[in-house]
Amino acid sequence: MRMRKKKNLDSRLEAVSEYLTDCEYKDLNFKNAKENRDLLDLKGVYGNGNPLVLEIGCGKGTFACTYAAQHPELNLLAVEMEANVLVSACEKAKAAGLKNVHFMRCNAQYLPAYLDDNSVEAIFLNFSCPYPKSTYENHRLTSKAFLDIYKELMTENAVVCQKTDNQKFFEYSIESLSQNGFKLSNISLDLHSSDFEGNIVTEYEQKFVDEGKPIFRLEARL
């Protein structure tokens, strides 16, 4: 089901246009992305050459804006497909006066068209859709198809950080990451009962915690 277009969406997007790049990749075959590159001008976007971190599926931008505020030495690029959601994230960043966060309306499958190889220091996957039906496995952000994309984007010491409330998806992710050459660490089966410090609670996360659900988290490196 498509989200209903928010009132005054176009004017709201225009008001935060400096925070948003709207990608319209015309070739529907994402496997051609690397051959048809239109690389994002990162220095032009951020005004510096600081290390880049990536959040895929940023929602309303709570994590992205909080992380960017905590890490002014890094540039954060947050990816989301729905303009209805992205507009709130951009407005949040603008209200906070953040200069090191930028948003992209883009399907993550096409990221190789916009980001160079070995350019990303960290990838955050916060409460991604688990796509529970086996026929939708390739849509899961920890499936082999996406992991192959991450491998190309990641720097030598980069990390993938995943949080989810879905145990089956978490178990799938552990298996998929392990089978595709990633080494796992800092695995938590109940993040909010652990001694992990520095967790940024997202909108979805707070909802799940209030419902008494455990939050699963891991880190993965090549």
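Begin by selecting Lys-43, a residue of helix 2 (residues 42-46) in this predicted model. Lys-43 counts as exposed because its relative accessibility is 63%. With residues up to four places away in sequence left aside, the contacts of Lys-43 are Asn-48 and Gly-49.

**The sheet**

Next, display the strands. They include an open sheet of 8 strands, ordered 1-4-3-2-5-6-8-7, in which the pairing is mixed. Colour strand 1 (20-22) and strand 7 (183-188) to mark the edges, since each of these pairs on one side only. From one strand to the next, the twist averages 20°.

Now restrict the view to strand 2 and strand 5, which pair in the parallel sense over 4 bridges. Select Leu-54 and look across to strand 5, where Ile-123 stands opposite. Then add helix 5 (residues 144-153), which packs on the sheet and touches strand 2, strand 5 and strand 6 (154-164). The direction of helix 5 makes about 140° with that of strand 6.

**Asn-126**

Stay with strand 5 and select Asn-126, which lies in it. Is Asn-126 buried or exposed? Its relative accessible area is 7%, so Asn-126 is buried, the cut-off for that class being under 20%. Show side chains here: those of Asn-126 and Glu-55 are joined by a polar contact of 3.0 Å. Beyond residues up to four places away in sequence, Asn-126 touches Glu-55, Gly-57, Phe-63, Lys-163 and Thr-202.

**Helix 3**

From Asn-126, follow the contact with Phe-63 into helix 3 (residues 62-70), where Phe-63 is one of the buried residues. The others to select are Thr-62, Ala-64, Cys-65, Tyr-67 and Ala-68. What covers these buried residues? Among the covering elements are strand 2 (52-56), strand 3 (75-80), strand 4 (101-105) and strand 5 (120-126). Helix 4 (83-96) and helix 7 (203-210) also contribute to the cover.

**The cysteines**

Finally, select the cysteine sulfurs. How many disulfides are there? The count is 0, with a disulfide requiring a pair of cysteine sulfur atoms within 2.5 Å. Cys-58 is in no disulfide, and the nearest cysteine sulfur to its own, that of Cys-90, is 7.8 Å away. Cys-58 counts as buried because its relative accessibility is 4%. Move on to Cys-129, whose sulfur has that of Cys-58 as the closest cysteine sulfur; the separation is 15 Å, too far for a bond. At 42% relative accessibility, Cys-129 counts as partly exposed.

Terms used: Residues are numbered from 1 along each chain as its sequence is written. This is a predicted model: local features need pLDDT of at least 70, side-chain atom pairs count only at pLDDT 80 or more; totals for chains, interfaces and linings use all residues. Side-chain values use heavy atoms; hydrogens and water are left out. Buried means under 20% relative accessible area, exposed over 50%, partly exposed in between (1.4 Å probe, protein chains only). Helices (H or I, at least four residues) and strands (E, at least two) are DSSP runs, numbered from the N terminus. Contact means heavy atoms within 4.5 Å. Two strands pair if DSSP finds at least two bridges between them. Axes are lines fitted to C-alpha atoms, for helices over the stretch in contact, and angles run from 0 to 180 degrees between N-to-C directions. A polar contact is a pair of N or O atoms within 3.5 Å; within protein, one must be able to donate a hydrogen and the other to accept it, and residues adjacent in sequence count only if both atoms are side-chain atoms.
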